[in-house]
Amino acid sequence: MIGEWLDVGPVGQIAPGDARTLPVRGGEEIAIFHTLDNRFYALVNKCPHKQGPLSQGIVHGSVVTCPLHNWNISLKTGEALGDDKGCVPTIPLKVDAGRIYLLREAVVGRQVA
Amino acid sequence: MNAPMTFDTTGRDGKGAGGVRERLVVIGNGMAGCRAVEEILARDCSRYAITIFGAEPRVNYNRIMLSPVLAGEKQFDDIVINGADWYADNAITLVAGDPVMAIDRATRTVTTRAGRIEPYDRLLIATGSEPFIIPVPGKDLAGVVTFRDLDDVEKMLAAAGKGGSAVVIGGGLLGLEAAHGLSLRGMRVTVVHLMPTLMERQLDEAAGYLLKAELERRGQTIVTGGDTAEILGRDGAVAGVRLKDGREFPADIVVMAAGIRPATGLARTAGLDVERGIVVDDHMVTSDPAIMAVGECVQHRGICYGLVAPLWEMCRALAEAATDAPGGGYEGSVTSTKLKVSGIDLFSAGDFSGGDGVEDIVMRDAARGIYKRVVVRENRLIGAVLYGDTADGGWYFDLLKKGEDIAAIREALIFGQAFASGGALSHPNAAVAALSDDAEICGCNGVTKGRIVATIQAGAHALDAVRSQCKASASCGSCTGLVESLLALTLGSAVEAGPRTLCKCTSFTHGDVRRLILGKQLKAIPQVMQELHWSTPDGCATCRPALNYYLLCAWPGEYVDDQQSRFVNERLHANIQKDGTYSVVPRMWGGLTTPAELRAIADAAEKYGARTVKVTGGQRIDLFGIRKEDLPAIWGDLNAAGMVSGHAYGKALRTVKTCVGSEWCRFGTQDSTGLGVTIERMTWGSWMPHKFKIAVSGCPRNCAEATIKDFGVVCVDSGYELHVGGNGGIKVRATDLLCKVATEQEALDVCAAFIQLYREDAWYLERTAPWIERVGLDYVKSALFSDPDAVPSLAARFHYSQQFMQEDPWARRAAGEDAALHQHLAEVRPLALEVAR
Ligand code: SRM
Ligand SMILES: Cc1cc2nc3c(=O)[nH]c(=O)nc-3n(C[C@H](O)[C@H](O)[C@H](O)COP(=O)(O)OP(=O)(O)OC[C@H]3O[C@@H](n4cnc5c(N)ncnc54)[C@H](O)[C@@H]3O)c2cc1C
Ligand code: SF4
Ligand code: FES
């Protein structure tokens with residue numbers, strides 16, 4: 001992935017199985033997840049069903065269960081799993097030397113120019 | 001310290017140095033540097049006059065074997081790769097113990113610490129990595145050591161010779177191998193690891209848990225989630241380690257194994273392209289065509305490696321380029337990890353993060369302490385984690401690297417190579433069919449295949465029936481898969497689905513799981529999953545909360561609640577609303593309030609912008625539209641006015657509704673309000689299988705609606721009628737009369753006992769109404785009343801567990817606990833960022 005990376009801090013800020021949020025002024029709030037097998041993912045913090053805050057769901061494997069109506073959303077692709085249909089945008093993320101980076105243009109590029 | 005030692009042997013070769021040969025200078029006498037030289041010599045032994053500089057005062061040895069040297073399993077001589085004769089035979093000049101301090105690209109020379117200047121035509125940088133020293137106070141005290149070379153090992157051995165305690169900072173591969181060695185050498189060892197699971201980059205939660213349990217069994221103290229604040233000293237030497245949470249551990253030696261960093265200093269100063277590592281192309285050439293780099297100090301296609309396997313491949317590509325031999329270049333490596341701790345078999349490779357289109361195949365054998373997980377995507381193996389039995393690690397790794405199609409062996413893949421390659425036996429059922437009748441299937445209960453088949457033929461057509469009739473797979477459950485195969489083989493499609501299992505991750509029912517948690521003394525979620533052969537690595541949104549509750553109920557005061565296994569409402573102690581804000585409901589004991597409380601609620605509503613203030617159906621007040629960032633503050637304000645959480649969000653005691661009762665009402669027979677308050681004070685804070693509601697009405701007119709509550713009291717002239725198992729809701733169920741008692745105290749005792757019975761017996765998410773429908777009122781009555789000791793002992797267990805539960809969760813959050821749950825990570829303000837750039 002080519003582009004500029006936005007440093008959002010050390011991995012230790014998010015406990016495994018948890019998620020934290022990153023509001024974007026004038027854009028969509030982003031949720032960053034830390035799975036129990038120590039992977040990190042970022043999604044727009046809005047369930048494709050009825051905009052539930054995915055950051056507040058239970059994380060298992062690389063899936064989060066939405067807190068509002070239990071849809072299962074893939075953290076890797078943002079797609080709803082099983083019989084549910086819908087998709088939430090993912091934000092390219094990388095971990096380097098213990099810090100989390102998000103692809104800058106995916107974070108801020110979402111805004112109206 | 002160490003005098004430079006030089007084996008100057010260039011003259012011994014017929015051609016001599018210089019002139020004919022190009023001069024190759026190697027910086028780093030380690031694993032990659034020397035291997036690169038070997039590879040070059042193998043292709044063309046007369047092209048270069050070679051000089052190798054090594055910072056360490058010794059010949060080339062196998063660094064990874066330092067762990068067995070520390071553990072006493074090997075001597076230094078055993079781990080030498082190339083002794084002095086190798087340098088001599090190949091006319092290599094070794095300058096050991098005199099590190100290179102500078103590279104001058106203009107004059108093409110390197111300069112050493114001792115002042116030796118060496119010209120080169122080609123330079124190879126192979127400086128490896130440097131241990132990362134965490135920047136805490138005390139890091140420079142005597143007795144703080146790293147684990148990288150033989151000198152470090154010698155320091156550790158000297159310390160171990162005096163006994164005492166060691167603290168190892170870092171629970172990765174290196175740290176655990178150091179801990180193991182020091183522990184074998186007789187030290188008391190504590191491992192402090194920042195992350196919640198050991199070796200988190202190589203292992204998933206399940207395997208990390210097993211590893212921790214095994215190391216603890218061996219006497220090491222393993223502290224996960226431990227953040228080092230300071231290394232404590234006494235007289236300039238190490239005395240202990242203090243963590244940020246205040247815990248302290250004594251130490252006579254502290255091993256820093258918190259990570260490594262590519263050693264890029266020389267290259268950076270020389271102006272080469274350096275990011276995390278020295279940037280090289282597919283032939284290991286740096287941004288200067290005369291300079292190559294190899295090993296842990298390089299960054300190839302964005303990746304820095306920390307293991308030896310990639311070095312071999314890098315060295316091959318490098319040698320091809322350096323000798324102008326044909327070759328495709330280096331394309332990056334897939335790595336695998338093994339831990340070199342005797343008696344612990346552990347292997348991991350590839351990607352095991354799960355996800356879509358990705359299938360996890362998990363096999364657990366609790367009796368033998370085995371956990372195996374392979375990850376498959378589109379019929380290719382993409383990852384594997386093995387604990388306890390790593391015999392098939394190499395085979396999986398091979399399948400993974402080659403990207404072979406495994407469709408044909410998919411069913412048997414998890415059983416390993418021997419099984420999967422068995423041709424006709426490639427389906428597990430076929431393997432089971434091939435077993436003889438007297439083969440033992442269930443080790444716990446000694447049940448043979450013949451006996452199970454006979455039981456099935458005699459009418460046990462479901463797993464549960466087999467379990468109850470011949471006990472096969474009824475204990476640890478590790479043979480469940482085999483029994484299921486036998487059912488399928490014996491009955492074909494006539495197998496009956498058993499009672500509902502807890503979720504798709506297990507073949508056990510809620511009842512089985514609860515029984516086994518107690519029977520096998522299981523005390524942590526990963527332990528339950530391992531012992532009961534969960535088929536997923538870390539469960540799902542159904543089983544995690546259930547297990548968390550069962551463990552909390554089984555081991556009060558001992559089990560530490562797992563926040564990651566709780567639904568958001570219970571994690572945030574507030575109810576999530578459809579717009580993502582929260583509602584806040586403070587407790588109003590028995591529906592009573594005071595002007596002061598109402599004033600505090602009104603103030604809080606205004607201060608935090610509650611958009612709706614509503615009296616709930618549970619006789620208290622709900623403030624809607626509170627932002628998650630504001631929750632700790634509003635709770636703090638409510639706490640200050642004497643109010644605590646109403647648990648309106650929990651699978652817990654919700655409300656105790658009351659009516660006015662004898663104090664005011666002309667029909668009241670008893671003090672229903674007072675009793676309601678007393679009951680609420682006794683029961684608040686308890687976690688339950690589902691929400692639990694209580695009401696107390698002062699007379700049979702029943703204004704508090706006690707007969708549609710989980711526990712209802714209807715006061716009468718002669719005492720108290722106790723009703724159970726009612727609810728409003730989707731399917732209204734009126735209560736059953738449980739009993740009648742004469743005194744308030746008896747009413748309280750039966751209430752506590754009934755709640756405890758429900759807590760210990762019901763399935764997670766089963767409210768009292770469906771529970772009683774399932775088990776029958778008679779069961780409940782007999783469990784409570786057939787033995788006169790039952791009520792007191794159940795009540796005592798309830799009160800014991802309440803000791804740990806009756807702490808207001810809001811107060812702790814208001815005081816700052818788990819603040820991260822309520823805060824954003826950061827805020828992105830694009831404009832400000834543009835400026836900052
Ligand atoms: C706030 C409140 C409505 C009100 O404004 O009065 C309410 C609100 C909700 N109720 Fe209720 N119930 C409220 C009293 C009741 C009552 C009346 C009572 O307790 O006397 C009932 C019928 C009695 C009963 O429980 O049997 C009731 C039966 C339910 C049910 C059906 C339960 C059942 O077993 O069938 C649900 C669904 C569930 O729990 O799964 C439910 C679920 C809910 C949830 C939690 C829905 C949800 O999952 O988000 C609502 C959350 C509101 C919130 O965010 O605060 N609520 N709910 C009442 C809060 C009481 C309190 O002070 O804690
Ligand atoms: C205790 C231990 C256990 C390990 N176990 C495993 C394992 O089980 N499996 C695995 O795959 N990997 C393991 N590793 C990692 C493995 O040893 C390294 O990947 C490998 O040694 C890297 O080789 P290298 O040549 O890049 O670096 P090194 O082997 O470290 O060689 C670099 C050499 O360069 C020298 N040097 C540095 N700067 C200069 C300078 N300016 N002038 C002169 N010389 C210099 C250093 O002194 C060192 O001798 C282990 C490492 C350690 C320390
Ligand atoms: S009745 Fe339905 S809509 Fe009303 S509070 Fe209860 S769950 Fe929500
Ligand atoms: S909003 Fe996520 S499931 Fe409905």
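**Salt bridges, burial, ligand shells and a sheet**

Reader: What makes the pair B:D710 and B:R767 a salt bridge?

Author: The closest N and O atoms of B:D710 and B:R767 are 2.8 Å apart. The cut-off for a salt bridge is 4 Å between a side-chain nitrogen of Lys or Arg and a carboxyl oxygen of Asp or Glu, so the pair qualifies. This model is predicted, and the distance is a computed value.

Reader: Which parts of chain B does the pair B:D710 and B:R767 tie together?

Author: B:D710 belongs to the loop between strand 36 (692-697) and strand 37 (711-716) of chain B, and B:R767 to the loop between helix 23 (744-761) and helix 24 (768-775) of that chain; the pair therefore ties together parts that are 57 residues apart in sequence.

Reader: Are B:D710 and B:R767 buried or exposed, and how do you know?

Author: Buried means under 20% relative accessible area. B:D710 has 0% relative accessibility and therefore counts as buried. B:R767 has a relative accessible area of 12%, so B:R767 is buried as well.

Reader: How do you know that B:K523 and B:E558 meet in a salt bridge?

Author: The distance from N to O between the two side chains is 2.7 Å. This value lies within the 4 Å limit, and the pair therefore counts as a salt bridge. B:K523 sits in the loop between helix 16 (510-519) and helix 17 (525-531) of chain B, while B:E558 sits in the loop between helix 18 (543-554) and helix 19 (568-572) of chain B, so parts that are 35 residues apart in sequence are tied together.

Reader: Why are B:K523 and B:E558 called partly exposed?

Author: The class partly exposed lies between the limits of 20% and 50%. B:K523 falls in that class because its relative accessibility is 29%. B:E558, at 45%, is therefore partly exposed too.

Reader: What makes B:D818 and B:R813 a salt bridge?

Author: The closest N and O atoms of B:D818 and B:R813 are 3.6 Å apart. The limit is 4 Å, so this pair is also accepted as a salt bridge. B:R813 is buried at 4% relative accessibility, whereas B:D818 is partly exposed, with a relative accessible area of 35%.

Reader: How many salt bridges does the structure hold over all chains, and which residues are linked in a network?

Author: Over all chains there are 55 salt bridges. A network of salt bridges links A:D37, B:D204, B:D360 and B:R373.

Reader: Why is the contact of B:R63 with ligand 2 called polar?

Author: A polar side-chain atom of B:R63 lies 2.8 Å from an oxygen atom of ligand 2. The limit for a polar contact is 3.5 Å between N or O atoms, so the distance meets it. An oxygen atom of ligand 2 is likewise 2.8 Å from an N or O atom in the side chain of B:E56. For B:V308, the partner of a ligand 2 oxygen is a polar backbone atom, at 2.8 Å. Taken alone, ligand 2 exposes 980 Å², and the protein buries 91% of that.

Reader: What makes up the shell around ligand 2 by class?

Author: The shell has 15 nonpolar, eight polar and six charged residues. Of the 29 residues around ligand 2, those that come nearest are B:A32, B:R63, B:R148, B:E296 and B:K340.

Reader: What makes up the shell around ligand 1 by class, and which residues come nearest?

Author: Around ligand 1 the shell has two nonpolar, eleven polar and eight charged residues. B:Q577, B:T616, B:G617, B:K691 and B:G728 come nearest among the 21 residues around ligand 1.

Reader: How do you know that B:D622, B:K657 and B:K693 make polar contacts with ligand 1?

Author: A polar side-chain atom lies 3.0 Å from an oxygen atom of ligand 1 in the case of B:D622, and 3.1 Å in the case of B:K657. For B:K693, an N or O atom of the side chain is 2.7 Å from an oxygen atom of ligand 1. The limit is 3.5 Å, so each of these pairs is a polar contact.

Reader: Why are strand 2 (18-22) and strand 8 (90-91) of chain A called edge strands?

Author: In chain A, four strands form an open sheet in the order 2-3-4-8, with antiparallel pairing. Strand 2 and strand 8 each pair on one side only.

Reader: What makes strand 4 (residues 40-44) and strand 8 of chain A a pair?

Author: Two bridges join these antiparallel strands. Pairing needs at least two bridges, so the condition is met. A:A42 stands opposite A:I91 of strand 8.

Methods. Residues numbered from 1 in each chain as written. Chains lettered and ligands numbered in written order. Predicted model: local features only at pLDDT ≥ 70, side-chain atom pairs only at ≥ 80, totals over all residues. Heavy atoms only, no water. Near = heavy atom within 4 Å. Polar contact = N/O pair within 3.5 Å; in protein donor to acceptor, adjacent residues only side chain to side chain. Areas by Shrake-Rupley, 256 points an atom, 1.4 Å probe, with all protein chains shown as cover. Nonpolar A, V, L, I, M, F, W, Y, C, P; charged D, E, K, R; others polar. Buried < 20%, exposed > 50% of the residue type's maximum accessible area, 1.4 Å probe, protein only.
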